[in-house]
Amino acid sequence: MSLTRRQTAAALAALPLALSATPAVAHGGGGRPRPRTLHIAGDSTAAQKYSDAAPETGWGMALPFFLGHHLSVANHAVNGRSSKSFIDEGRLTALLGGVRPGDLLVIQFGHNDEKTEDPARGTDPYTTYQEYLRQYVEGARARRAEPVLVTSVERRRFAADGTAKPTHGEYPAAMAALAAEEGVPLLDVQALSLARWQELGPDGTEAYFNWLEPGQSPNYPDGKQDNTHFRPAGAVDVARTTARALLDGRVLAPRDVRRLDTRVPTEWITWPQPV
């Protein structure tokens, strides 16, 4: 499938940007230290957003706030992609071209895999979904990087009695089964976010998702009621949850994370101009 000019430019914009020049454990040629990179492969819930979509925010935009200065983030997540379409469009091949020994590949797909009526994106949890995810795992390992599987962050869905409802069917369990089979770290962000939405409740979660009143944002003059994508507060919360899970799962060490228990102002989120 050919890429549009904007898709190609966005892919180039996702190349790794070091947060600082502090040496890390990975080394380049000649034994020189280089920043270690965390690559994100995922969908719109993690993706970089631009000024024409603000205040919609992907959690990958907030993740650097919780990582040490010696780590950089390369956010390759793209709106609307599934584990299948990301590969079919050549995006995994492009991503792996920038992966170096010691890097991390964080893999979160599921939202669009569930759209089984769409042959370009839909997958079956225990067959094609696992088969596509395995390609990410094998690709990372072939480059001596560490793959990390992340279950899909939950949507905002509540029953009439205020109980937060899971929406991802068998996909989280299928990913967990693959992680166990392949010996890959699993971050169960689906379960963690579901518990968080339950804690916040239907009213408290509105500020986390892209719910907007008419006239509140020039990008959404008629308002918006989006129960999938985040505003800055939600993206920050999910990024914090992800960083803490990376620490708890011993994927990252304590020196690799920061601000897990301190406030991160939502004003730190910025949206660049569209490419």
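Here is a short chat about how some labels in this predicted model were reached.

Reader: What should I know before we start?
Author: This is a predicted model, so local features need pLDDT of at least 70 and side-chain atom pairs count only at pLDDT 80 or more, while totals for chains, interfaces and linings use all residues. Residues are numbered from 1 along each chain as its sequence is written, and side-chain values use heavy atoms, with hydrogens and water left out.

Reader: Why is R250 called exposed?
Author: Exposed means over 50% relative accessible area, buried means under 20%, and partly exposed is in between (1.4 Å probe, protein chains only). R250 has 77% relative accessibility, so it counts as exposed.

Reader: And what makes R259 partly exposed?
Author: R259 has 27% relative accessibility, so it falls in the partly exposed class. R259 lies in the segment after α8, and R250 has its place in the segment after α8 too.

Reader: What is unusual about phi in R250?
Author: Phi of R250 is near 60°, a positive value in a residue other than glycine. Most residues other than glycine have a negative phi. Phi of R259 is also positive, near 60°.

Reader: What makes α6 a helix, and how does its span fit what is expected?
Author: A helix is a DSSP run of H or I with at least four residues (a strand is a run of E with at least two), numbered from the N terminus. Helix α6, residues 171-182, has 12 residues. The expected span is 1.5 Å times one less than the number of residues. For α6 that expected value is 16 Å, and the helix reaches 16 Å from its first C-alpha to its last.

Reader: Which residues of α6 are buried?
Author: Y171, P172, A174, M175, L178 and A179.

Reader: How do you know that they lie on the same side of α6?
Author: They cover an arc of only 160° around the axis, which puts them on the same side of α6. The arc is that of the directions from the helix axis to the C-beta atoms. The face turned away from that buried side carries the exposed residues A180 and E181.

Reader: What covers the buried residues of α6?
Author: The cover includes β3, α5, β4, β5 and α7. Contact here means heavy atoms within 4.5 Å.

Reader: What kind of peptide bond joins A54 and P55?
Author: A cis bond, with omega about 10°. P55 has its place in the loop between β1 and α2. Most peptide bonds are trans.
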